[in-house]
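These are my notebook entries on a single structure, written down in the order in which I looked things up.

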Amino acid sequence: MATKTCLQRIASLMLMAMLCIGIAKADGTVKGRILDQNHRPVEFATAALINAKTKLPIKGSESNSTGDFVIDKVHEGTYILSVTMVGYKKFETEQFAFNGKKDVQRDVVLEENTQLLKEATVVAKRKFIEQQADKMVINPEASITTASENVLDILKKTPGVTVDNNNNISLKGKEGVKVMIDDKPTYVSADQLATLLKGMQGKDIERIEVIENPSSRYDAEGNSGIINIKTKHNKRTGFNGSFFTGANYSSKLGENAGLDLNMNLGKLNVYGNYSFYEWRGWNTMDATRNYVTGPYTGAVQGINSRSDYHGNNHNFKVGADYYINKKQVISLMARGSNGFNQNKGGSVTSFYNSSLKLDSALHTQSGESNHWSNITFNANYKWDIDSTGRSLTVDADYARFKFRSSSNQNGSYYDGNGKDMNINSSISGYQPGTIDIFTAKTDYVHPIGKKFTIET
């Protein structure tokens with residue numbers, strides 16, 4: 001009896017192992033090569049698999065120096081392959097079924113985005129993407145197209161970075177990425193952060209650092225990676241400044257403008273900049289749902305909606321640097337932004353019976369208004385101790401983030417003849433929020449030889 005039980009257990013384990021093997025085989029690979037129109041490999045392009053039904057990104061990868069990418073451990077399903085790279089038009093394949101058993105090869109040829117490149121002279125010397133030992137650096141000014149875009153759009157095209165429909169930012173498939181501005185955390189929600197980044201222009205950004213494995217100088221939070229956005233800090237000698245203005249069109253006209261001033265008196269450097277960005281537009285959606293099973297077989301649901309949006313954002317930064325000597329500097333800085341975003345829309349959801357006769361309709365009117373303001377003060381001392389790379393940095397910060405959101409939605413039901421059924425609904429909400437943060441830290445860097453560095 002014991003032998004029989006033992007054999008049954010062995011057989012069960014073998015069956016489970018075979019099932020596991022079968023499941024493992026259901027995961028396959030989507031791979032390919034990304035080239036430009038001259039058949040040259042495109043490095044650092046982001047290849048992402050999009051769920052064809054939900055339109056949400058599932059997994060992604062970035063191309064190597066030969067343009068090759070590999071997305072492994074892909075489950076069975078229906079997908080769209082999306083490829084993005086700054087300076088090129090976004091590429092998407094038709095949806096395709098993936099059975100998880102046979103690898104899929106999809107080669108892509110990207111088309112240059114020449115809309116903003118006509119009659120332009122490129123004077124930037126830095127590469128758009130620099131791969132350093134501990135991070136990847138994006139230089140927006142190295143690309144004319146990115147210099148005129150907002151930071152959120154630049155991140156969407158950054159290799160390895162994905163922004164989903166809910167504005168959640170992930171790095172190589174890992175969620176919970178910590179986004180910083182000038183080495184300072186942004187203590188806001190995903191939607192609030194997206195609005196803040198939308199109000200920042202590429203021309204105001206010195207560089208974007210993408211750090212997949214942060215060192216100990218950063219807080220423990222953000223172990224999925226860090227995106228550090230460094231704004232410009234003008235240090236040219238004498239008094240100088242610049243002014244810019246522009247326009248954008250996304251179903252409606254928007255505009256942006258800014259001013260950058262600097263006065264360097266040797267030991268003392270005083271600077272300030274201001275930028276303004278306004279956006280407006282509209283979105284529409286038409287959808288049809290057919291019921292093929294259940295009690296409503298043959299019925300049809302139609303949805304028609306339109307929403308109009310409008311918002312703006314003001315950014316400013318002022319500061320001063322005092323150089324005690326060539327190795328020591330004391331800095332004071334204040335940076336802030338404020339703005340709003342409004343959405344107003346309406347939709348009609350119509351229900352048709354199996355004879356395609358209108359049964360009822362739901363008319364909905366909705367609105368949402370968001371207002372925000374934030375300000376950060378920083379005092380910094382830095383001492384470059386010697387030429388080996390030893391340094392000591394002391395930082396003290398105060399930041400205040402304020403956000404308020406209000407929303408309302410009203411719905412009314414009508415019968416097939418357009419008569420009000422007196423089944424109405426109304427939902428409204430208001431959410432205010434204020435966050436005050438005080439921080440202080442000291443960082444010490446001590447290189448050991450040419451390959452190792454101690455950071456505390």
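Which residues line the largest cavity? I began with this point, bearing in mind that the model is a predicted one. I find that the lining is made by I181, K184, P185, T186, R335, N374, T376 and F401. When I sorted these residues by element, I noted that β15 (184–185) and β23 are the elements that give two or more residues to the lining of the largest cavity. My search of the whole structure returned one cavity of 30 Å³ or more, and the space in the largest cavity comes to about 40 Å³.

Entry on D182. I next looked at the loop between β14 (178–181) and β15, where D182 lies. I recorded a positive phi of about 55° for D182, although this residue is not a glycine. I wrote beside this that most residues other than glycine have a negative phi. Is D182 buried or exposed? I count D182 as buried, because its relative accessible area is 10%, and the cut-off for buried is under 20%.

Entry on H39. I then turned to the loop between β1 (28–35) and β2, which holds H39. H39 also has a positive phi, of about 65°, and is not a glycine. With a relative accessible area of 60%, H39 is exposed, since the cut-off for that class is over 50%.

Entry on the hairpin. Following the chain into β2 (residues 46–51), I found that this strand runs antiparallel to β3 (residues 57–62) and that five bridges join the two. Within this pair, I located L49 opposite K59 in β3. The two strands form a hairpin with five residues between them, and in the turn I noted K55, with a positive phi of about 65°.

Entry on K135. Where does K135 lie? I placed K135 in the loop between β10 (129–131) and β11 (136–138). K135 is buried, because its relative accessible area is 18%, which falls under the 20% cut-off. Leaving aside neighbours within four places in sequence, I listed E130, E209, V210 and I211 as the residues in contact with K135. For one of them, E209, I also noted a polar contact at 3.4 Å, made between its side chain and the side chain of K135. I checked I227 as well, and although 92 residues separate K135 and I227 in sequence, their C-alpha atoms are 9.7 Å apart in space.

Entry on the sheet. How many strands form the open sheet, and in what order? I counted nine, in the order β18-β19-β20-β21-β22-β23-β24-β25-β26, with antiparallel pairing. The edge strands are β18 (238–249) and β26 (452–455), each of which pairs on one side only. Between neighbouring strands of this sheet I noted an average turn of 15°, with direction ignored. At the β26 edge, I traced the antiparallel pairing with β25 (residues 420–448) over four bridges, and there I saw H446 standing opposite I454 in β26.

Entry on helix α4. Last, I looked at what lies across the strands of the sheet. Helix α4 (residues 190–198) lies across β20 (268–290), β21 (300–323), β22 (328–352), β23 (358–384) and β24 (391–415), and I noted that the helix runs at about 120° to β20. β23 thus appears twice in my notes, as a strand that helix α4 lies across and as an element that gives two or more residues to the lining of the largest cavity.

Conventions: Residues numbered from 1 in each chain as written. Predicted model: local features only at pLDDT ≥ 70, side-chain atom pairs only at ≥ 80, totals over all residues. Heavy atoms only, no water. Pairing = 2+ DSSP bridges. Axes fitted to C-alpha atoms, helices over the stretch in contact; angles between N-to-C directions. Contact = heavy atoms within 4.5 Å. Buried < 20%, exposed > 50% of the residue type's maximum accessible area, 1.4 Å probe, protein only. Polar contact = N/O pair within 3.5 Å; in protein donor to acceptor, adjacent residues only side chain to side chain. 1 Å grid on protein atoms, 1.4 Å probe; cavity = no way out; pocket = protein on both sides within 12 Å on 5 of 7 lines; lining within 4 Å. Points joined across faces, edges and corners; volume = space filled by probe spheres on them.
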